[in-house]
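Work through these exercises with the sequence and structure open. Try each task before you read its solution.

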Amino acid sequence: MNRHANTLRWIYGMITATFSGLFRPTCLVAAFLLGSWAWASGFLPGLWLYQEDISYLAVKHIELVAWAGGLAILVGIPAGILLARPQLRHVAEYLLQIFNLGTTIPTLAVLALSMSLLGIGILPAIFGLWVATMLPIVRNSYTGLVSVSGPLMETARGMGMTPRQIFWQVELPNASFVIFAGIRTALAICVGTAPLAFLIGAGGLGELIFTGIALNDLTMMIAGALPTAILAVITDFVMGRVQFFAVPRGINPLRH
Amino acid sequence: MIRLEKLTKVFDTPQGSVTATDQVSLEVPKGEICVLLGPSGCGKTTTMKMVNRLVQPTGGKIFIDGQDTSAIDAITLRRSIGYVIQQIGLFPNKTIIDNICTVPDLLGWDRKKSRKRASELLDMVALDPAVFLNRYPRELSGGQQQRIGVIRALAADPPVMLMDEPFGAIDPINREVIQDEFLRLQRHLKTTVMFVSHDLDEAIKMADRIAIFRDGKLEQFATPTELLAQPANAFVEEFLGSDRALKRLRLVRVTDAMDNAPVVIKRDDPIEAARQALLQNGHSAVFVVGPNGRLRGMITKEIAEQSQGTVSDHAVPVPVVASTAEDLRMAVASMFAHDQPTLPCVDESGVLRGALTYASVTTALKKTGEMD
């Protein structure tokens with residue numbers, strides 16, 4: 001009981017600290033102390049040794065993500081749009097159930113399967129990542145489009161919009177927030193699972209992580225994990241910004 | 001003008017075919033409001049949606065301003081017909097001005113011209129263009145949104161407008177205001193309106209003509225007065241309710257029901273004159289007027305019987321008056337609320353024009369019933 005009260009008090013303290021002027025300097029001091037310790041213990045200089053590896057592998061990693069993610073967006077959105085067409089809606093739910101089954105298969109297994117199909121190297125890795133990344137995009141594009149309200153569609157039709165105009169002016173803009181949310185999730189998954197691509201010979205930051213694990217070399221592992229994490233955060237931030245500006249203000253909950 | 005000729009719609013359902021609209025023929029003259037009224041599932045909405053071909057008719061014809069609409073392409077047809085629904089359906093991704101200009105933009109009108117028109121329309125429904133033009137629908141209240149919905153339908157000056165229970169989701173107080181605003185706008189623009197409703201009071205208020213539907217069939221098509229005075233059959237009578245005589249009150253204006261020559265007295269007349277006047281006409285009060293005929297007060301029966309002297313010594317203020325322009329429903333409500341069996345009727349400058357009594361109300365209702 002008392003411990004709970006203490007925890008609550010601590011959380012409350014953290015919150016008030018966030019809003020008090022002391023929070024920023026405290027953070028800076030903490031970061032400085034952590035940095036000094038990391039340097040003094042030889043961890044940071046160790047990490048520095050991997051600088052060249054990191055920058056080379058990060059580029060590879062980004063390439064993998066860009067290809068897989070880009071293709072997933074290029075295919076996933078049109079697929080979602082197609083499934084949301086009235087002519088296909090009755091079969092769409094069944095198809096998406098099959099797709100959903102796909103998401104339950106672990107990405108590692110997907111990569112293994114794609115390796116057995118396409119051999120090793122970049123191509124099977126991109127293919128595997130593409131499959132895993134595309135599902136949330138298809139799902140969200142479909143959901144976003146079908147959840148555009150009936151009365152909205154009726155007025156659009158009643159005012160004399162052509163099906164094409166309804167699609168571009170009503171359906172797509174009103175589904176855009178959900179579609180972007182799908183892309184954001186998908187890319188975060190993509191960056192996060194891309195290290196696995198190393199296992200089928202596609203390189204990327206996974207090389208440092210898995211080798212680090214194999215050699216029980218903490219520094220090497222962190223040299224791969226930390227940039228991966230940073231990359232995921234940056235991707236999500238950039239996509240968040242894109243979503244913020246690309247979704248029309250009237251339906252953008254971020255801009256209320 | 002909208003003319004329906006033997007309009008029929010049969011839906012094929014797994015349970016067999018259902019006739020939603022059955023051989024309906026009616027004509028809405030230009031500039032009038034026709035309310036399609038009936039219980040739910042009676043085919044009124046289907047009938048309306050066939051006009052802009054959101055529902056494809058199975059049989060029959062629709063003419064707008066004499067032209068057979070089946071010869072016009074559906075998209076072109078819809079752009080020439082205003083459309084408002086209960087759920088409003090403003091585009092949440094567009095600003096208010098872009099919403100209003102939807103149809104002008106589809107028609108490729110000059111942007112400057114349509115934007116200017118949008119501002120005018122906003123003014124007409126008492127929304128400040130400077131405040132509202134660049135807002136988004138979600139920033140508006142329900143009542144404001146429906147005002148936008150209505151002027152969006154009017155933005156391209158369509159000769160015909162369809163409304164599907166447009167004020168159904170608005171709270172009663174706002175609804176009255178918006179109805180009045182719409183009536184003013186419609187009289188001004190002379191748009192021909194087909195309006196679906198299930199609310200009899202709304203229909204009586206808005207309609208020039210009411211079409212009553214049951215099971216897809218047109219039961220009666222008449223002016224509100226005629227409908228209330230002479231229901232065509234038992235169904236219509238039941239639908240209108242046993243208090244339909246009361247509903248007719250709102251269709252008669254005070255000026256048409258009042259006794260045009262009320263006995264008046266001046267301030268320096270003796271009370272005796274008031275007593276004589278009351279004996280003569282049997283009213284509950286006589287009214288005191290000033291030199292220009294303005295209402296100054298009244299002498300009730302009790303005062304006249306118990307007092308002596310001149311009128312000015314005993315006149316009491318009139319608790320409530322009726323305006324000659326208002327409808328009988330308000331006036332009769334005042335008569336009951338203030339226990340005023342003889343209600344003075346004044347025009348906008350306060351001049352006494354007549355008096356309303358229970359007898360004159362009854363006579364007026366009888367008269368309008370026979371007239372149609």
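**Exercise 1. Find how far apart the centres of domain 1 and domain 2 of chain B are, then describe their contact.**

Step 1. Take the centres over C-alpha atoms: 41 Å separate domain 1 of chain B from domain 2 of chain B.

Step 2. Set the bounds. Domain 1 of chain B is 2-251 and domain 2 is 254-371; such bounds come from an automatic or database domain assignment. This is a predicted model: local features need pLDDT of at least 70, side-chain atom pairs count only at pLDDT 80 or more, and totals for chains, interfaces and linings use all residues. Residues are numbered from 1 along each chain as its sequence is written, with chains lettered from A and ligands numbered from 1 in the order in which they are written.

Step 3. Look at the contact (C-beta atoms, placed from the backbone, within 7 Å). Domain 1 of chain B gives six residues and domain 2 of chain B gives seven.

Step 4. Name the elements. On the domain 1 side, α10 (224-229) and α12 (244-248) of chain B each give two or more residues. Helices are DSSP runs of H or I, at least four residues, numbered from the N terminus.

**Exercise 2. State how many residues of chain A and chain B are in contact, and which element of chain A gives the most.**

Step 1. 17 residues of chain A touch 19 residues of chain B.

Step 2. In chain A, α8 (150-158) and α9 (163-193) each supply at least two residues to this side. α8(A) gives the most, with six residues.

**Exercise 3. Give the distance between the domain centres of chain A.**

Step 1. The domains are 2-40 and 45-255.

Step 2. Their C-alpha centres lie 35 Å apart.

Note on methods: Contact = placed C-beta atoms within 7 Å.
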